[in-house]
Amino acid sequence: MTMSLGKALGSRVDSKLAGRFNAWVVNWAQVYDCHFDVDRVPELLARVEREYDSEAWTELGHRLILEHDLVSPASIAALPRLVRLAAGNREARHLAGEIMERAAGHQGSNELLAESADVIAEFGALLDRHLQSRPSDYLVTFRALLAVEEQYHWANVLGDFVDDFYDLRCPHCGVEVTVAIGGYGRYSAIRDWNLGDVDRRDLQPRPGEELTDVGRWMYEIAVRDGEVALAEGIAHLFGKAECPRCASVFTIADEYEAANCPVLR
């Protein structure tokens with residue numbers, strides 16, 4: 001089972017933008033990083049392009065992503081050079097992915113992000129090829145690909161379903177429900193800090209053929225790549241849960257997304 005990149009969600013790359021970035025020259029003197037400097041990022045990029053430099057990669061991470069959350073105009077401007085390195089460089093691939101995962105708010109970089117449309121599409125194709133090689137950094141790559149498809153929320157919260165918990169409110173009675181998908185079980189429950197998860201109800205996974213939109217896309221890629229635990233977790237995440245208090249049934253992903261999705265600016 002295969003699914004081409006961007007087919008399920010619809011390609012977000014405007015064909016009119018294709019090729020524009022390559023002709024656009026970054027004026028680094030006007031592009032600040034997370035420390036509000038304009039000179040260090042191009043110097044560091046030049047160092048890692050020449051040879052492997054662990055200190056330069058560490059500093060790039062600090063300058064392109066602030067406190068594991070925010071990006072700057074320099075972060076977006078660095079994407080083309082990071083993507084050029086990404087095929088054979090784990091640090092470049094991971095850093096570019098982290099930048100994309102934090103691009104939801106754009107943080108003043110909307111024009112730079114639009115100009116990077118073709119580079120982002122190239123990065124998505126590279127990530128998809130890497131996933132098919134069954135890499136050790138599969139989940140990191142999978143999350144980066146979600147971000148490329150502008151699924152920023154799932155890119156930031158999706159786990160490996162070994163020990164995942166999702167807290168949400170029942171849409172019918174408003175009680176706080178804990179949903180577990182992992183080694184502890186696959187259930188909805190009321191969390192009691194003394195007794196643990198009480199009044200557990202088994203989740204109802206959604207069959208793969210019934211999944212739609214991003215849930216189907218995620219599931220089919222995991223199945224394609226032989227990631228059984230990930231595929232089963234996604235089927236449960238986009239399946240149904242029963243409220244332990246009022247016994248109403250709701251879709252887990254819908255309620256979790258409604259409460260946690262970032263506001264795109």
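**A short tour: one helix, one sheet, one helix pair**

Hello everyone, let's begin with helix α8, where Ala117, Asp118, Val119, Ile120, Phe123, Gly124, Leu126, Leu127, Asp128, His130 and Leu131 are buried. Before going on, please keep in mind that this is a predicted model. So how many residues of α8 are buried? The count is 11 of 15, and the helix is mostly covered. We can check its length too: at 1.5 Å a residue, the 15 residues of α8, running from 117 to 131, should span 21 Å, and because the end C-alpha atoms are 21 Å apart, the two values agree.

Now to the sheet. Four strands make an open sheet, ordered β1-β2-β3-β4, with antiparallel pairing. Which strands stand at the edges? They are β1, residues 163-169, and β4, residues 196-202; each has a single partner strand, so one side of each has no neighbour in the sheet. On average, and ignoring direction, neighbouring strands here are turned by 30° against each other.

Let's follow β1 for a moment. Its partner β2 covers residues 176-182, and 7 bridges join the two antiparallel strands. Within this pair, Leu168 stands opposite Val177 in β2. The two strands form a hairpin with 6 residues between them, and in the turn you will find Gly174, which has a positive phi of about 85°.

What do the two faces of β1 look like? Asp164, Tyr166 and Leu168 make up the covered face, whereas Asp163, Phe165, Asp167 and Arg169 are on the uncovered one. That fits a general pattern: in a regular strand, side chains alternate between the two faces of the sheet.

Two helices lie across these strands. Helix α12, residues 228-237, lies across β1, β2 and β3 and runs at about 160° to β2. Helix α13, residues 252-260, lies across β1 and β2, at about 70° to β1.

I'd like to finish with a pair of helices. The axes of α9, residues 138-148, and α11, residues 213-224, come within 12 Å and cross at roughly 150°. The crossing of α9 past α11 is right-handed. Which residues make the contact? From α9 they are Tyr138, Phe142, Leu145 and Leu146, and from α11 they are Val214, Trp217, Met218, Ile221 and Ala222. By class, this contact has 9 nonpolar residues, with no polar and no charged ones.

Thanks for listening!

Note on methods:
Residues numbered from 1 in each chain as written. Predicted model: local features only at pLDDT ≥ 70, side-chain atom pairs only at ≥ 80, totals over all residues. Heavy atoms only, no water. Axes fitted to C-alpha atoms, helices over the stretch in contact; angles between N-to-C directions. Left-handed = near helix turned anticlockwise from the far one by under 90°. Contact = heavy atoms within 4.5 Å. Nonpolar A, V, L, I, M, F, W, Y, C, P; charged D, E, K, R; others polar. Pairing = 2+ DSSP bridges. Expected span 1.5 Å × (residues − 1). Buried < 20%, exposed > 50% of the residue type's maximum accessible area, 1.4 Å probe, protein only.
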